[in-house]
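User: Please choose a single part of this molecule and take me through its surroundings slowly, as I am in my first year and still learning to read structures. I would like each term explained when it comes up.

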Amino acid sequence: MTRVPANLDEIRGLEEALHRPDVRGSKEALEKLLAIDFVEFGASGSVYARDEIISSLVQEATDEPDQLIAKNFSLTTISKDAVLLTYESQRRQNDGSMRCVLRSSIWKHNGTDWQMLFHQGTIKNRTD
């Protein structure tokens, strides 16, 4: 089966779905979006496996939602069935400051759907 290559809007939509409380609170939705061998390198420096992330996100969704702002999306094809999405996020912290994070995700097509295989967040030093 020949598949149409991913486009930025498609992958950005999948990525941003993971920011929404309704998706973060749904184990089924997360299992569909995250590949079986998914790994995350968190901005905190911790490494998380798929099951840890799913458990954490489902629990987090019951907490007070906060506003994540995502911008400057860019998509790079890295193979015939994988792409790299990069962007920046900002989230207001409890002390009123903004936490800025550089984010990257590898999305892989499994023959049917796009799934996130890898995600990394790196805290950005504010210079602006």
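Analyst: A good place to begin is a pair of side chains, since the side chain of Trp107 makes a polar contact with the side chain of Glu15, at 2.9 Å. A polar contact here is a pair of N or O atoms within 3.5 Å; within protein, one atom must be able to donate a hydrogen and the other to accept it, and residues adjacent in sequence count only if both atoms are side-chain atoms. Please keep in mind that this is a predicted model, in which local features need pLDDT of at least 70 and side-chain atom pairs count only at pLDDT 80 or more, while totals for chains, interfaces and linings use all residues. Residues are numbered from 1 along each chain as its sequence is written, and side-chain values use heavy atoms, with hydrogens and water left out.

Trp107 is found in strand 5 (98-109), where strands (E, at least two residues) and helices (H or I, at least four) are DSSP runs numbered from the N terminus. At 0% relative accessibility, Trp107 counts as buried, a word that stands for under 20% relative accessible area, whereas exposed stands for over 50% and partly exposed for what lies in between, with a 1.4 Å probe and protein chains only. Which residues surround Trp107, once its neighbours within four places in sequence are left aside? Trp107 is then in contact, meaning heavy atoms within 4.5 Å, with Ile11, Leu14, Glu15, Leu18, Leu33, Asp81, Ala82, Val83, Leu85, Trp114, Gln115 and Met116. One of these, Val83, is 24 residues away along the chain, yet the C-alpha atoms of Val83 and Trp107 are separated by 5.4 Å.

The partner of Trp107, Glu15, leads us to helix 1. The buried residues of helix 1, which runs over residues 8-17, are Ile11, Glu15 and Ala17. They lie on the same side of helix 1 because they cover an arc of only 160 degrees around the axis, the arc being that of the directions from the helix axis to the C-beta atoms. The cover over these buried residues includes helix 2 (21-24), helix 3 (27-33), strand 3 (68-79), strand 4 (82-92), strand 5 (98-109) and strand 6 (114-123). At the start of helix 1, a side-chain oxygen of Asn7 reaches to within 3.0 Å of the backbone nitrogen of Asp9.

Glu15 also has a neighbour in strand 6, which is where His119 has its place. Not counting residues up to four places away in sequence, His119 touches Glu15, Phe38, Val39, Glu40, Phe41, Tyr87, Arg103, Ser104 and Ser105. The side chain of His119 makes a polar contact with the side chain of Ser105 at 2.6 Å, and a further one with the side chain of Arg103 at 3.3 Å. His119 counts as buried, since its relative accessibility is 6%.

Leu18, which is among the contacts of Trp107, takes us on to helix 2. The backbone oxygen of Leu18 lies 2.6 Å from a polar atom of the side chain of Arg24, and Arg24 has its place in helix 2. Although arginine carries a charge, Arg24 is buried, with a relative accessible area of 15%.

For comparison, we can turn to helix 4, residues 50-60, whose buried residues are Arg50, Ile53, Ile54 and Leu57. They share the same side of helix 4, because the arc that they cover around the axis is only 100 degrees. Asp51 and Gln59, on the other side of helix 4, are exposed. Among the elements that cover the buried residues of helix 4 are helix 2, helix 3, strand 1 (34-41) and strand 2 (47-49).

Stepping back, we can place these parts within the whole. The protein has 4 helices and 6 strands, which follow the pattern α-α-α-β-β-α-β-β-β-β when read along the sequence. Of its 128 residues, 33% count as buried, and among contacts between residues at least 6 apart in sequence, 47% join residues at least 24 apart. A last detail to look for in strand 3 is Asn72, which has a positive phi of about 55 degrees although it is not a glycine.
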